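Hello,

Here is the structure you asked about. My notes follow below it.

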Amino acid sequence: MERAVPQAVPLGQVEVFQALQRLHMTIFSQSVSPCGKFLAAGNNYGQIAIFSLSAALSSEAKEESKKPVVTFQAHDGPVYSMVSTDRQLLSAGDGEVKSWLWVEILKKGCKELWRRQPPYRTSLEVPEINALLLVPKENSLILAGGDCQLHTMDLETGAFTRALRGHTDYIHCLALRERSPEVLSGGEDGAVRLWDLRTAKEVQTIEVYKHEECSRPHNGRWIGCLATDSDWMVCGGGPALTLWHLRSSTPTTIFPMRAPQKHVTFYQDLILSAGQGRCVNQWQLSGELKAQVPGSSPGLLSLSLNQQPAAPECKVLTAAGNSCRVDVFTNLGYRAFSLSF
């Protein structure tokens, strides 16, 4: 499906319209295909573009190889979050989550497999869904956003099985502690909340902004990103990017980064973060800044590490945000090239 162009625009102005779209584009979300050879990117116009990583990384790659193999209209509003199962691409927008079969997407005749809307408090409520999280052990999907709740959906039946309530403002991010069936959530209220999925209870709360060493009142209290690795958590946003020991609820490392961070992840013995500014930041766990690698976007909203074992030749880091480009890093030291809507 081609990008929608308003009917009032004469055919001769289509290219101008699309150029203006690209100029004002924001890419909110990314997800790698189960085979590891394709990357989905979702933008503020509700479009999802599918890029062939294998073609773009080929020694015979041309400029056309860095363009989408297919683009389709997935949502009426922005595509805030995406995740992939072994068969499906799941995308979230305003008030609903949709499923697309990867094999159908790649045939370029894509129709949604299903759509679901969480049980909101009123029929007039259409809050954005900012975060999706897969829980493989229970074959479920957790979604969270503007209604301040975490909703769990059974991926086999499509039924919503529970709602976790505790946040007092909208939720930005989710992370899974795989060894124990626990989920962390961070939001506009400045709290990171830890939930036990067995009991559906909140078991720990860390109000990051109340810790003097983390607090930055001029930036606000909001938590925009978090990640976990066993007993450790890293989170940031308005407060400083900070490494926490979860068992003791203790901040152990404050990373010296002034700009609010929007995405963070553990990678080997490093922490990678991105946010306001062009750079992907590489941190030692001790807090030392190992490297800042510039990209092509003025601000970054999402990082994606392709570590699918089925496609080791496509093992890359991709970064996207306030532009129509997705930067591709074949190693952590430099940007190799950019994909473009």
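The side chains of threonine 318 and glutamine 30 are joined by a polar contact of 2.6 Å. A polar contact is a pair of N or O atoms within 3.5 Å; within protein, one must be able to donate a hydrogen and the other to accept it, and residues adjacent in sequence count only if both atoms are side-chain atoms. Please note that this is a predicted model: local features need pLDDT of at least 70, side-chain atom pairs count only at pLDDT 80 or more, and totals for chains, interfaces and linings use all residues. Residues are numbered from 1 along each chain as its sequence is written, and side-chain values use heavy atoms, with hydrogens and water left out.

Threonine 318 sits in strand 26. Helices (H or I, at least four residues) and strands (E, at least two) are DSSP runs, numbered from the N terminus. Threonine 318 counts as buried because its relative accessible area is 2%. The cut-offs are under 20% for buried, over 50% for exposed, and partly exposed in between (1.4 Å probe, protein chains only). Leaving aside neighbours within four places in sequence, threonine 318 is in contact with Gln30, Leu39, Ser302, Leu303, Ser304, Val326, Asp327 and Val328. Contact here means heavy atoms within 4.5 Å.

Next, serine 323. This residue is in the loop between strand 26 and strand 27. Serine 323 is buried, at 6% relative accessibility. Its side chain makes a polar contact of 2.6 Å with the side chain of serine 297. The two serines, 323 and 297, are 26 residues apart along the chain, yet their C-alpha atoms are separated by 5.5 Å. Beyond neighbours within four places in sequence, serine 323 is in contact with Met25, Thr26, Ile27 and Ser297.

Asparagine 306 is in another loop, between strand 25 (300-305) and strand 26 (317-321). Is asparagine 306 buried or exposed? Asparagine 306 is buried, at 2% relative accessibility. A polar atom of its side chain lies 2.8 Å from the backbone oxygen of cysteine 314. Leaving aside neighbours within four places, asparagine 306 is in contact with Val32, Gly36, Leu53, Cys314, Lys315 and Val316. Proline 239 is 67 residues from asparagine 306 along the chain, and 29 Å separates their C-alpha atoms.

Now the nonpolar core. The definition is a set of buried Ala, Val, Leu, Ile, Met, Phe, Trp, Tyr and Cys residues joined through side-chain atoms within 4.5 Å. The largest one has 19 residues, of which Ile27, Phe51, Val326, Leu339 and Phe341 touch the most other members. At least two residues of this core come from each of strand 1 (27-32), strand 2 (38-43), strand 3 (47-52), helix 2 (53-57), strand 27 (325-329) and strand 28 (337-340). Leucine 339 has contacts outside its neighbours within four places in sequence, among them Leu39, Phe51, Leu53, Ala56 and Val326.

On to charges. The structure holds 14 salt bridges. A salt bridge is a side-chain nitrogen of Lys or Arg within 4 Å of a carboxyl oxygen of Asp or Glu. Three pairs and a network are worth listing.

- Arginine 162 and glutamate 138 form a salt bridge, with the closest N and O atoms 2.8 Å apart. This pair links distant parts of the chain, 24 residues apart: arginine 162 is in strand 12 (residues 160-165), and glutamate 138 is in the loop between strand 9 (129-135) and strand 10 (140-145). Arginine 162 is partly exposed at 22%. Glutamate 138 is partly exposed at 34%.
- Arginine 193 and aspartate 189 meet in a salt bridge of 3.3 Å, N to O. Arginine 193 is buried at 10%. Aspartate 189 is buried at 7%.
- Aspartate 231 and arginine 247 form a salt bridge, the closest N and O atoms being 3.2 Å apart. Aspartate 231 is buried at 16%, whereas arginine 247 is exposed at 70%.
- Glu96, Lys98, Glu112 and Arg115 are joined into one network by salt bridges that share partners.

Last, the surface. Leucine 23 lies in helix 1 (residues 14-23). Leucine 23 counts as exposed because its relative accessibility is 63%. With Val16 and Leu20, Leu23 forms a nonpolar surface patch of about 310 Å² of accessible area together. Patches are made of residues with over 30% relative accessible area and no salt bridge: like charges are joined within 9 Å, nonpolar side chains (Val, Leu, Ile, Met, Phe, Trp, Tyr) within 5 Å. Accessible areas come from the Shrake-Rupley method with a 1.4 Å probe; for residues, only the protein chains shown count as cover.

Best wishes
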